Amino acid sequence: MDMFWKFIESTGFAQMEWANVLMILIGIFFISLAIAKDYEPLLLVPIGFGMVIGNIPYPPNMSLSVYDDWNGPGGLSNSSVLSLLYFGVKYGLYPPLIFLGIGAMTDFSTMLSNPKLILLGGAAQIGIFATLIGAVFLGFTPEQAAAIGIIGGADGPTAIFLASKMAPELLGAIAVSAYSYMALVPVIQPPIMYLLTTKAERRIRMKPPREVPKLERIIFPIAAFLICTLIAPGALTLLGMLFLGNLLKESTVTERLANTARNALIDIVTILLGFTVGASTQASTFLTQQSILIFGLGALSFIIATAGGILFAKFMNLFLTDKINPLIGAAGVSAVPDSARVVQAIGQKEDAHNILLMHAMAPNVAGVIGSAIAAGVLWSVLGK
Amino acid sequence: MQTGIENIIKHQVIELSFMGILIVFCALTLISLFLACLPKVLTIIEPFLPQATHGHQQTATSSSDLLSPNEDQQAIVAAIGFTLHHRQLNKHT
């Protein structure tokens, strides 16, 4: 009978706390959002299910969570399987691999055909630096504030990469926050877009992009890599992988490698990353005052980034003869391609025949480069 | 946790933010300028660039790639054309 009671005490039911229940419900909510609303399902399903797994209580003598790693008693032999999978998050291994896949699937030709739109990707990074100030104001260290600010770049892999280097203690909260806001792009961005633009501005039609020759598309990843990393060497890993992926695609002689990078590899890494990030949100480490502040600052960062892009597009219009539709400034946050899709949807509501998607992709991919440079700068200056 | 304006001044984050956004803009502006100049530069240097050669440098393709649907259709059309042409020739001879 003692054995039976011992077993009962070891079950999840016996050890469950209200905080675990809350986190499991949040996980299920994420899965529901992904399935019912189609919000970033590739991310929210693994993260949501990871949250459910990470919040099942277990006996203390077992190694099951992502935190039961090789640094604990027993070393590597006593580390959990989840902790080994979490290695890629903890040491920033997965984000560069995701960037490789993104590079291999991204067509930079709209950006190449209209280079001035790149600046919109820079303007949206204002969210990162404004939030950095806000986070330090609220009492975070500059390193933690930098990692929190990157959420505004709407670039999950970059946020994880920087958090793993500068604020590993906040990694779970930052990662979940970044991916949640990326998934909520269709909810967060439209009100800001309507607020900052007039009906006439939303109806602006832009010239169709020119066809970009193959040679330009091949030269771009090499030249852009050199420019970016000579200025901000901290971005070397992320941008190196991004531009390598793009070179694999554009060179056309490595189609097999490009195919693997943009399909199998990125899918595998996305599953591992999403799942382990979700599993790292154990109630005991996740439900803290700091996490709530991080979520608040993340939202602020995202809103400022969106507004920054739109306002900068309006500023550019003061000097341009061929006007830019300011909606595409919102795509400067690097949630690829969701923010570009939102721009297209809002633009088409005003003018059904106005195709903004291809134009919005330019600031969108420039935003990826911009947020990686911002992360590199912050890491170079604040990294120890 | 130390909070407030003093914390911002102590850690010089306003300077850091200003410098950070400036560097991001600087890098993206350089890329933008480079891309704006690239087509003109390429027009000048293109005659001197080596022509792409294909052959052993091509990557191995999977069996499904060997005959794409488009090529498949072209092959069928060619076969039909050849058969019709052959019949026409037979009629006349």
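## What α9 of chain A packs against

The buried residues of α9(A) pack against four helices of chain A, namely α8 (118–123), α10 (142–149), α19 (289–317) and α21 (357–382), plus α1 (5–11) and α2 (13–45) of chain B. Here, buried takes 20 or more other C-beta atoms within 10 Å of a residue's own, with C-beta atoms placed from the backbone, and contact puts two such C-beta atoms within 7 Å. Helices are DSSP runs of H or I, at least four residues long, numbered from the N terminus.

This is a predicted model, where local features need pLDDT of at least 70 and side-chain atom pairs pLDDT 80 or more, while totals for chains, interfaces and linings use all residues. Residues count from 1 along each chain as its sequence is written, and chains are lettered from A and ligands numbered from 1 in the order written.

## A closer look at α9

Of the 12 residues in α9(A), 10 are buried, including A:I126, A:F129, A:L132 and A:V136. Its end C-alpha atoms sit 17 Å apart, which agrees with the expected 16 Å (1.5 Å times one less than the number of residues). Just past α9(A), A:G139 has a positive phi of about 110°.

## α15 of chain A meets α2 of chain B

The axes of α15(A) (residues 214–231) and α2(B) come within 10 Å and cross at roughly 150°. So α15(A) runs roughly antiparallel to α2(B) (the label for angles over 145 degrees).

Among the residues that meet are A:I219, A:A223 and A:I227 from α15(A), and B:A27, B:L30 and B:F34 from α2(B).

Technical notes: Helix = DSSP H or I, 4+ residues; strand = E, 2+ residues; numbered from the N terminus. Axes fitted to C-alpha atoms, helices over the stretch in contact; angles between N-to-C directions. Parallel < 35°, antiparallel > 145°, perpendicular 65-115°, else oblique.
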